[in-house]
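Visitor: I have a chain in front of me and would like to walk through it with you. Could we take it one question at a time?

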Amino acid sequence: MSAHETEIAIVGAGQTGAPLALALAQAGFDVALIDARDPHAARPPDMRNYAIVTGSWRLLKAIGIADEIVSETVALHGLEAVDGGTHWFGAPQALFGDDDLVVRDEDETLGRMVEASILQAALDEAIAAEPKITLFAPARFSHADAKPGQIDVHLEDGTAIKARVLVGSDGMNSPVRSDAGIPTVGRDYKKSVFVANVTLSAPHDGIARQLFTPEGPFATLPLRGDRANLAWYMRRGAAEALSKGSVEEAEAELNHRFADFCGRMTIEGSMGAYPLILRIAENLVAERRALVGDAARRMNPLAGQGLNQGFRDVAALYDAIVDADHAGLDIGSPQALSVYEIARRFNAASAALALDGVDRLFSNDHMLTKPIRSLGLMMADKITPLRQAIAGVASASGTDVPRLMQPPESVLS
């Protein structure tokens with residue numbers, strides 16, 4: 001059986017693999033996209049919701065997805081952080097808003113909230129309509145063999161794909177990363193996150209709110225209407241038990257603990273929980289291979305940065321591949337892929353470790369850490385340049401981001 005020939009093979013057609021495939025296809029590359037999902041099977045319910053920050057929304061605009069889903073999203077106008085530990089003079093807090101974005105168009109906000117199922121459906125539809133993408137689904141990656149000038153990708157069903165570069169966008173337990181022999185570092189937080197969608201008794205005004213308690217953060221992310229997606233960090237086992245109990249018991253616990261923070265909540269639909277784990281790949285590239293998204297790092301979901309860091313991977317790898325091709329270089333060569341690793345390895349690892357540090361600093365009620373936390377929040381709230389700098393980093397809206405995440409005048413090329 002002859003191998004399917006392409007330029008770029010991508011394993012994983014989720015929220016990072018699909019945008020990368022679309023961007024590269026629209027730039028003229030032939031792409032093979034390997035998706036473990038059966039395109040004809042019913043999709044299970046997906047409770048996830050994403051805070052798509054400014055730079056990430058620009059990426060979705062560039063590949064033609066934003067306009068398809070904008071009517072089903074809600075604008076994110078502010079990010080509020082509150083220290084919920086015990087304090088003598090009230091809880092310190094900081095609020096970042098649209099006006100803190102220095103580099104933006106008039107209609108741009110800090111970001112937009114979108115339900116995972118809506119985003120994935122739009123990506124799937126665009127993939128199906130793109131002639132430069134060949135979809136292999138349902139299909140699973142088996143192994144790959146790098147050779148001079150190419151990499152042979154083998155699927156579990158025996159299909160062989162000959163490509164110039166292989167991208168692993170296949171999740172935290174990435175088979176592509178394992179096959180490449182790339183080790184990871186990290187830790188298990190011994191915590192889980194309880195998640196649910198709720199109806200709020202008061203308008204959220206497009207503000208994402210995060211309350212830091214000694215047990216861990218509690219966050220509400222605005223959804224359409226007076227609704228929110230909540231995430232409550234709890235000890236391992238407690239979140240799972242709460243998610244498997246009755247809705248009435250969960251509502252009673254939520255309102256007892258947090259009604260003063262965000263108003264009374266009524267749970268809608270199902271509840272869930274997932275373990276909190278930090279895992280970072282020691283390298284983002286190997287021979288003719290590159291990792292993006294959760295395959296590159298699974299980070300603390302504080303401030304909703306997980307998917308947004310994945311989008312930065314997508315945009316940086318796009319730049320590296322396109323620029324190498326324009327320069328007449330082999331897009332799978334060490335020279336081409338090292339550009340991507342240099343662009344993302346330190347930046348992404350720093351972001352993951354910074355969020356890990358914030359979680360460590362705030363998830364306690366120690367007397368020694370309170371002054372540091374209080375000072376930090378007060379400075380962030382009162383010092384305009386500092387607030388703008390933090391907002392610029394969190395929203396990926398500055399000038400130091402890859403082309404796909406820059407203001408709209410930057411186009412696919």
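Guide: Gladly, and one definition will help us first: a polar contact is a pair of N or O atoms within 3.5 Å, and within protein one must be able to donate a hydrogen and the other to accept it. Please keep in mind that this is a predicted model.

Visitor: Then let me start there: which residue's backbone oxygen lies 2.8 Å from a polar atom of the side chain of Asn-308?
Guide: Asn-308 lies in helix α8, residues 305-326. Leaving aside neighbours within four places in sequence, Asn-308 is in contact with Ala-51, Ile-52, Val-53 and Ser-56. The backbone oxygen at 2.8 Å from the polar side-chain atom belongs to one of these, Ala-51.

Visitor: Is Asn-308 buried or exposed?
Guide: The cut-off for buried is under 20% relative accessible area. Asn-308 has a relative accessible area of 2%, so this residue is buried.

Visitor: Let's turn to the sheets. Which strands stand at the edges of the open sheet, each with a single partner strand?
Guide: Four strands form this open sheet, with mixed pairing, in the order β1-β12-β11-β10. One side of each edge strand is left without a neighbour in the sheet, because each has a single partner; the edge strands are β1 (4-5) and β10 (141-147).

Visitor: And which residue in β11 stands opposite Ala-146?
Guide: β10 and β11 (residues 150-155) run antiparallel and are joined by six bridges. Opposite Ala-146, in β11, stands Ile-151.

Visitor: Which residues of strand β3 are buried on its two faces?
Guide: In a regular strand the side chains alternate between the two faces of the sheet. Strand β3 (residues 31-34) is covered on both faces. One side has Val-31 and Leu-33, and the other has Ala-32 and Ile-34.

Visitor: What handedness does the unit of β2, helix α1 and β3 have?
Guide: Strand β2 (residues 8-11) and β3 run parallel, joined by four bridges, and Ala-9 has Ala-32 as its bridge partner in β3. Together with helix α1 (residues 17-26), the two strands make a β-α-β unit that is right-handed.

Visitor: Which residue in β9 is the bridge partner of Val-31?
Guide: β3 also runs parallel to strand β9 (residues 133-136), with four bridges between them. In β9, the partner of Val-31 is Ile-133.

Visitor: How many residues of β17 are buried?
Guide: Let's place the strand first: β17 runs antiparallel to β14 (residues 184-200), joined by nine bridges, and Ala-196 has Leu-230 as its bridge partner. β17 also runs antiparallel to β16, with six bridges. The strand is mostly covered, and its count of buried residues is eight of nine.

Visitor: Which residue in the turn of the β16 and β17 hairpin has a positive phi?
Guide: Within the paired strands, Leu-221 has Asn-229 as its bridge partner in β17. The hairpin has three residues between β16 and β17, and the one with a positive phi, about 75 degrees, is Gly-225.

Visitor: Now the aromatics: are Phe-218 and Phe-258 stacked or edge-to-face?
Guide: The structure holds four aromatic pairs. A pair of rings is described by the distance of the centres and the angle of the planes. For Phe-218 and Phe-258 the centres are 3.8 Å apart and the planes are at 5 degrees, so the pair is stacked.

Visitor: How many residues apart are Phe-218 and Phe-258?
Guide: Phe-218 counts as buried at 0% relative accessibility, and Phe-258 counts as buried at 1%. Phe-218 is in strand β16 (residues 216-223) and Phe-258 in helix α7 (residues 247-262), so to speak distant parts of the chain, linked by a pair whose separation is 40 residues.Visitor: Are Trp-232 and Phe-258 stacked or edge-to-face?
Guide: The ring centres of Trp-232 and Phe-258 lie 5.0 Å apart and their planes are at 90 degrees, so the pair is edge-to-face. Trp-232 is in strand β17 (residues 227-235) and Phe-258 in helix α7, 26 residues apart. Both residues are buried, and the pair's geometry is edge-to-face.

Visitor: Which residues form one aromatic cluster?
Guide: Two members have just been paired, Trp-232 and Phe-258. The full cluster is Phe-218, Trp-232, Phe-258 and Phe-261.

Visitor: Which residue lies over the face of Phe-261?
Guide: Charges over rings appear here too: the charged end of Arg-112 sits over the ring of Trp-57, 5.8 Å from its centre. Over the face of Phe-261, at 4.3 Å from the ring centre, lies Arg-209.

Note on methods:
Residues numbered from 1 in each chain as written. Predicted model: local features only at pLDDT ≥ 70, side-chain atom pairs only at ≥ 80, totals over all residues. Heavy atoms only, no water. Pairing = 2+ DSSP bridges. Phe/Tyr/Trp six-rings, centres within 6.5 Å; stacked < 30°, edge-to-face > 60°. Buried < 20%, exposed > 50% of the residue type's maximum accessible area, 1.4 Å probe, protein only. Lys NZ or Arg CZ within 6 Å of the ring centre and 35° of its normal. Right-handed = clockwise from strand over helix to strand, strands pointing away. Contact = heavy atoms within 4.5 Å.
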